[in-house]
Amino acid sequence: MIDIISAVLSLFAIVVSIYAAFTANKSAAAAIRSSNCGVIFDDYLIKKIPQARTTLRFDDKGILCNGNNLCDALADMSMAALFYRYDDKIFFDKLVKECSSLEDLIVEAGNKPKRFEDNQHEFWQAVQKSLESIYRLIDKKRVGGKL
């Protein structure tokens, strides 16, 4: 009887040890993932993109000014994220697609006048939505969420 109890307790101890090792590995992977995201993206998300966004404006002819600043920040961030091209191609492709779509929107507004306030309002909403999408995508990657 004691041998059976001993065997059951040993088996339970092995299961608990395996579970503890699994969760420790999972936690370590999450810490590395979060650290990588921080190193690559924090400067862009906290400083570069918001600063470039604040310089955008329409001139009196309805042409967007200073769009190059935000486009450059987005392009630089995409280049800084090249690590993910090899580590997580799905994430990298989605990020580049989101950044490229926003760049296209900005370039178009710089080349094609938006004279009416309604058109400019729609543009600002589209920029906001696009930026939120980029930030959400990166945050999901940082915490290990499904993309």
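These exercises work through a predicted model, one step at a time.

**Exercise 1. Helix length**

Task: Work out what span helix α2 should have, and set that against the distance between its end C-alpha atoms.

Solution:
- Helix α2 covers residues 67–80, which is 14 residues.
- The expected span is 1.5 Å times one less than the number of residues.
- For α2 this gives 20 Å.
- The end C-alpha atoms of α2 are 20 Å apart, so the two values agree.

**Exercise 2. The faces of α2**

Task: Find which residues of α2 are buried, and which are exposed.

Solution:
- Use the cut-offs: buried is under 20% relative accessible area, exposed is over 50%.
- The buried residues of α2 are Gly67, Leu70, Cys71, Ala73, Leu74, Met77 and Ser78.
- Seen down the axis of α2, these buried residues fall within an arc of 160 degrees, so they line one face of the helix.
- Asn68 and Met79 are exposed, on the other side of α2.

**Exercise 3. Two buried residues of α2**

Task: State how accessible Leu70 is and how accessible Ala73 is, then list what Leu70 contacts and what Ala73 contacts.

Solution:
- Start with Leu70, in helix α2. Its relative accessibility is 0%, so Leu70 counts as buried.
- Set aside neighbours within four places in sequence. Leu70 is then in contact with Ile49, Ala52, Arg53, Leu56 and Ile106.
- Now compare sequence and space. Leu70 and Thr54 are 16 residues apart in sequence, and their C-alpha atoms are 9.2 Å apart.
- Move on to Ala73, also in α2. Its relative accessible area is 7%, so Ala73 is buried.
- With the neighbours within four places left out, Ala73 is in contact with Tyr44, Lys48 and Ile49.
- Ala73 and Gln51 are 22 residues apart in sequence, with 9.6 Å between their C-alpha atoms.

**Exercise 4. A residue of α5**

Task: Decide whether Ser130 is buried or exposed, and name the residues it touches.

Solution:
- Ser130 is found in helix α5, residues 117–143.
- Its relative accessible area is 12%, so Ser130 is buried.
- Ser130 touches Glu98 and Leu102, not counting residues up to four places away in sequence.

**Exercise 5. A surface patch**

Task: Name the residues that make the nonpolar surface patch of about 360 Å².

Solution:
- The patch is made by Met1, Ile5 and Leu9.
- Take Ile5, which sits in helix α1, residues 2–54.
- Ile5 has a relative accessibility of 44%, so it counts as partly exposed.

**Exercise 6. Salt bridges**

Task: Describe the salt bridges of Asp43 and the one between Lys141 and Asp88.

Solution:
- Begin with the principle. Side chains of opposite charge can pair when their charged atoms come close.
- The structure holds 5 salt bridges. The cut-off is 4 Å between nitrogen and oxygen.
- Asp43 pairs with Lys47, with 3.9 Å between the closest N and O atoms. These two residues are 4 residues apart in helix α1, so about one helical turn separates them.
- Asp43 also meets Lys48 in a salt bridge, at 3.5 Å from N to O.
- Check the accessibility. Asp43 is partly exposed at 34%, Lys47 is partly exposed at 45%, and Lys48 is partly exposed at 36%.
- Lys141 forms a salt bridge with Asp88, and the closest N and O atoms are 2.6 Å apart.
- Lys141 lies in helix α5 and Asp88 in the loop between α3 and α4, so the pair ties together parts that are 53 residues apart in sequence.
- Lys141 and Asp88 are both buried.
- Finally, look for shared partners. Salt bridges join Asp43, Lys47 and Lys48 into one network.

Definitions and conventions
Residues are numbered from 1 along each chain as its sequence is written. This is a predicted model: local features need pLDDT of at least 70, side-chain atom pairs count only at pLDDT 80 or more; totals for chains, interfaces and linings use all residues. Side-chain values use heavy atoms; hydrogens and water are left out. Buried means under 20% relative accessible area, exposed over 50%, partly exposed in between (1.4 Å probe, protein chains only). The arc is that of the directions from the helix axis to the C-beta atoms. Contact means heavy atoms within 4.5 Å. Patches are made of residues with over 30% relative accessible area and no salt bridge: like charges are joined within 9 Å, nonpolar side chains (Val, Leu, Ile, Met, Phe, Trp, Tyr) within 5 Å. Accessible areas come from the Shrake-Rupley method with a 1.4 Å probe; for residues, only the protein chains shown count as cover. A salt bridge is a side-chain nitrogen of Lys or Arg within 4 Å of a carboxyl oxygen of Asp or Glu.
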